[in-house]
Structures are given as structure tokens and as C-alpha cells.
Amino acid sequence: MGVTLEQIETAVAHLQSLGVQAGQRIGIQAPASCSLVLTVLACWKLKAMVVPLSLRYSTPRVDQTLRAMQCDRLLREEDLPGVEDACFSGISWGPLALDISQEASILLTSGSMGLSKGVVHSLGNHLASAQGAEAQISFGADETWLVSLPMYHISGFALIMRALLHSGGLHFLRSGETLGEAVQKKDFTHLSVVPTQLRDLLGDSACHAGLQRLKAILVGGAHCPASLLDRGRDLGLNLYVSYGSTEMASQITTTLVNTEGHLGQVLPHRQLRVSDTSEIEVRGDTRFQGYWTEQGWERPFDEDGWFATGDLGHLDAQGYLHITGRKDTLFISGGENIYPEEIERALLQLEDVKQCVVVPIPSERFGQRPVAFIDTRDGTMPERQIWLEALAELESFKVPDTFLLWPKDLSEGVKVSREELAKRARGYS
């Protein structure tokens, strides 16, 4: 049984009873659910913007964010309209009669210390994102996408418009249900995961049959080791890799996993070019309206509308995108350039490494030196020789001086602030 237009109108009336009005900014801190999607659609019907907040935010962080984003009120799980269905389905874009020019959402960027910037999108941005994504992964009626990523990140939030485009369904994890349990038991056709989730699923043979039934498994959010993708290919999985960003409303390029290591060609409704300094620049119908900050609007575009992503890469002769690193993560050690991503890719080839981040710390002799934080499957730190063997093909100056265990208080599978890890690394030195 799908969701009806009457249920959306009921959700609209519910929000009106709470005082939600046109032009307001509504903070929402709630788990991904059918009720959350109904609330987002009801806000859009009322011409109110939604500001999804991380479930990990403390009360002071929530209050600070609401002030900075100039939100008019906060909705938590108990404030949302109650819906019995665990699946959102049956609603398409057309009958909602929404204005694509209206500002729709503010999604907070991750990875910075302190308060993040708010990425502002219009409904048209989200719609163009969904339309272009169809070029590689189709998704429509009678198909269901399991929502395994938070809807306060663009990777999860973008699925709302993807479902609306052709009446696709969204299935949500129930409280306490693991992703592995859902893969084994539930009937769905599409799945999005980050590399750590894919590693865990591939490591559980009980999940293989469920994964093999899927039409598409989209892997994003971080670099995925080639060895992990090869394991998925060997199992016959329909794995897709993507390059995307919050600022471009999710995917920019997407492709079926390949042995060449590229991330595909640019999807429709987007444009991409590489500058003389190898920085990737983007624009198009999916490009955000600008950042909202405590000081007001920030529109970081050149006169032709290009946005510099800070990512470094190149396009090959066929127009396929290859990513090499981040402009702002580069540091210099003894006069040599070091891109942390190169070291991280080498370490992630090890079977026991779930995730890792390399950061610089000050060095009296070299200026800066790399330190690696590593999350291992069993939570223990192998001998240093294991790491040296994994990095044997790198120049010696790129080998970290220190290897540290992943801090236990940091959540797995989400982007972690490099600044925070660098601060902790300095504390160990």
C-alpha cells in the first residue's frame, strides 16, 4: 500500500497546526522514515524550506545551527505526522504541483570544525539531479530503494526526488534493524552504501544472495578501494561508483564499476571542467544557490557560474573523470608535496582496514609529516611492518611516521573532520 495525496494534505494540515507557514525555515531532526518524507513534502507544499539536522548533534549544537540558519522552529520525531507504512511509494512529482523555482532545502556541509555552512538548493536543483541520475541508474514504479544513509546528508536526501520522479518506493530500516539484516530479509531493488558498509556486507556471506538480486548498488561518500570493488564484481554485483557533492545536489558522474578506475562521464544537467591547476569546477541545473552562513549569503561562483570544488583530478581522452585528491588536504614535507588520499588508497587495499585518514602534524625538521589513523576490523593495531609493506610502492617520504588506531568515539561510515583528527594527532606527538 502506497502513500496517497490525501496523506500529504493531512501532513500539511498537521504542520499548519504547529504554526508552519510559507517562507519559513524548518529544522528537522528525525531518523529517515516515511513520516520524515511526508513532512518534507508537506513543507514544500507550504513553500517552507527544510533544514535536516544530524541525529548526532548535541542540544547546544542544534540550538547554534537553528540560529545560524535562521530557522523558525525545530521538528523532532515526535512532532512528525504518524504513518504506519515502512515504505514511501506511489507518489509522483506531477500531481504535487510544486514550484521548481522555490528554495527547498538547506543541507549542512560536513567535515569542518564548528558550525558548518548551509548549502541552499531549489526544488529545480533537486529535480535536475534526479533526472540526470536516470542516465546511469534508472529507478521507477515497482522498484524500491533501501534508505541506508542519513537523510540529513545529500546521499540520503536526494532519494526523495528520485522516488518522486517516476513513483519509485523508499524502504526504511526499522529501529534496531541492521543493514545486513535488511539485505537478507527485505525485498528491494536499489541500495546506496558507503565503502565501510559495502565491506561489512561483502564480509557476511549470508548477505551475498540478497546483494546479487539488486538492480543497482551505488557506492559513494568516500574513496572505495579497488580490491573491495573487485570482490563485488567477482560476486556478480551491479556496483556503481560516483563522484558527487552536496553543492551539486548529489551525483555529478556515475558509472558501473570498471577496471580503469574512472568515475564515469558527466551526467545530464551538469557541466564539469578541469582548471589549469587540476581543480575540478562544476555548474549546471543542479548547482546550489549558494551558502547560507551566520553572516548571510555567500555565492562562491565566478562570473560564468562555475563553482570550484576543491577536488583535484583529470578527464581522460574518453571524457571519464579520475580523482586524485583534495586541494585543501595537500601539505608539504621537506619540500615534497604529499596528498593524503594517495596514502589512504594504498592502506585501504589491506583486507583488515575498514577506513583510514592521513593528516599532517608539525615537524621541526621537515615542516610537516604524515600520521595515519586506521580503523581495523578487529580493533587492534598490527605491527608497523604490515603498513610498510602496504606502502612499499610509495616514495619513502610519503610513509607516515606514526600509525594510530581509529578513535573509538568517532562514528563509523560518516565523514570525519580531518582538522579534528589532526588536532588529536598533535596531542599524541
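A salt bridge here is a side-chain nitrogen of Lys or Arg within 4 Å of a carboxyl oxygen of Asp or Glu. Keep that cut-off at hand while touring this predicted model, in which a search of the whole structure finds 18 such pairs.

**Stop 1: Asp200 and Arg377**

Select Asp200 and Arg377 and display their side chains, which meet in a salt bridge with an N to O distance of 3.8 Å. Asp200 belongs to helix α8 (residues 195–202), whereas Arg377 sits in the loop between β22 and α12, so the pair ties together parts that are 177 residues apart in sequence. Asp200 is partly exposed, with a relative accessible area of 31%, and Arg377 is likewise partly exposed, at 37%.

**Stop 2: the sheet of β21, β22 and β23**

From Arg377, step back to strand β22 (residues 367–376), which is joined by four bridges to the parallel strand β23 (residues 402–405). Among the paired residues, Ile374 has Leu405 as its bridge partner in β23. Add helix α12 (residues 384–390) to the selection, and β22, α12 and β23 can be followed as a right-handed β-α-β unit.

Now select β21 as well, which runs antiparallel to β22 and is joined to β22 by 10 bridges. Pro362 is the residue to label here, since a search for its counterpart leads to Gln368 in β22, which stands opposite.

With the three strands displayed together, an open sheet of mixed pairing appears in the order β21-β22-β23. Which strands stand at the edges of this sheet? They are β21 (353–363) and β23, each of which has a single partner strand, so one side of each is left without a neighbour in the sheet. Ignoring direction, neighbouring strands of this sheet are turned against each other by 30° on average. Helix α13 (residues 418–428) is the next element to show, because of its place in this picture: α13 packs on the sheet and touches β21, β22 and β23, and its direction makes about 65° with that of β21.

**Stop 3: Lys398 and Glu342**

Stay with the segment leading into β23 and select Lys398, which forms a salt bridge with Glu342, the closest N and O atoms being 2.8 Å apart. This pair links distant parts of the chain, with Lys398 in the loop between α12 and β23 and Glu342 in helix α11 (residues 340–347), 56 residues apart. Is each partner buried or partly exposed? Lys398 counts as buried, at 8% relative accessibility, while Glu342 is partly exposed, with a relative accessible area of 25%.

**Stop 4: Arg273, Glu281 and Asp302**

Select Arg273, Glu281 and Asp302 together, which are joined into one network by salt bridges that share partners. Within this group, the side chains of Asp302 and Arg273 meet at 3.4 Å, N to O. Asp302 lies in the loop between β16 (296–298) and β17 (307–315), and Arg273 in strand β13 (residues 270–274), the two being 29 residues apart. Both Asp302 and Arg273 are partly exposed, each with a relative accessible area of 32%.

**Stop 5: the hairpin of β11 and β12**

Move to strands β11 (residues 239–245) and β12, which run antiparallel and are joined by six bridges. Ser245 has Ser250 as its bridge partner in β12. Four residues lie between the strands of this hairpin, and Ala249 takes a positive phi near 60°. Colour β12 (residues 250–256) by accessibility to see that the strand is mostly covered, with six of its seven residues buried.

**Stop 6: Trp44, Val50 and the nonpolar cores**

In soluble globular proteins, nonpolar side chains tend to be buried together. To examine this here, select Leu41, Trp44, Phe88, Ile160, Leu164 and Leu170, which touch the most other members of the largest nonpolar core, a set of 52 residues. Beyond its neighbours within four places in sequence, Trp44 is in contact with residues including Val50, Leu98, Leu123, Phe157 and Met161. A second, separate core of 35 residues can be shown next, and its members include Val219, Cys224, Leu237 and Ile280.

Finish on Val50, found in strand β2 (residues 49–52) and buried, with a relative accessible area of 0%. Not counting residues up to four places away in sequence, Val50 touches Ile26, Ile28, Val40, Cys43, Trp44, Ala104, Ser105, Ile106 and Phe157. For a last distance, pick the C-alpha atoms of Val50 and Leu202, which are separated by 35 Å and belong to residues 152 apart along the chain.

Notes
Residues numbered from 1 in each chain as written. Predicted model: local features only at pLDDT ≥ 70, side-chain atom pairs only at ≥ 80, totals over all residues. Heavy atoms only, no water. Pairing = 2+ DSSP bridges. Right-handed = clockwise from strand over helix to strand, strands pointing away. Axes fitted to C-alpha atoms, helices over the stretch in contact; angles between N-to-C directions. Contact = heavy atoms within 4.5 Å. Core = buried A, V, L, I, M, F, W, Y, C linked by side-chain atoms within 4.5 Å. Buried < 20%, exposed > 50% of the residue type's maximum accessible area, 1.4 Å probe, protein only.
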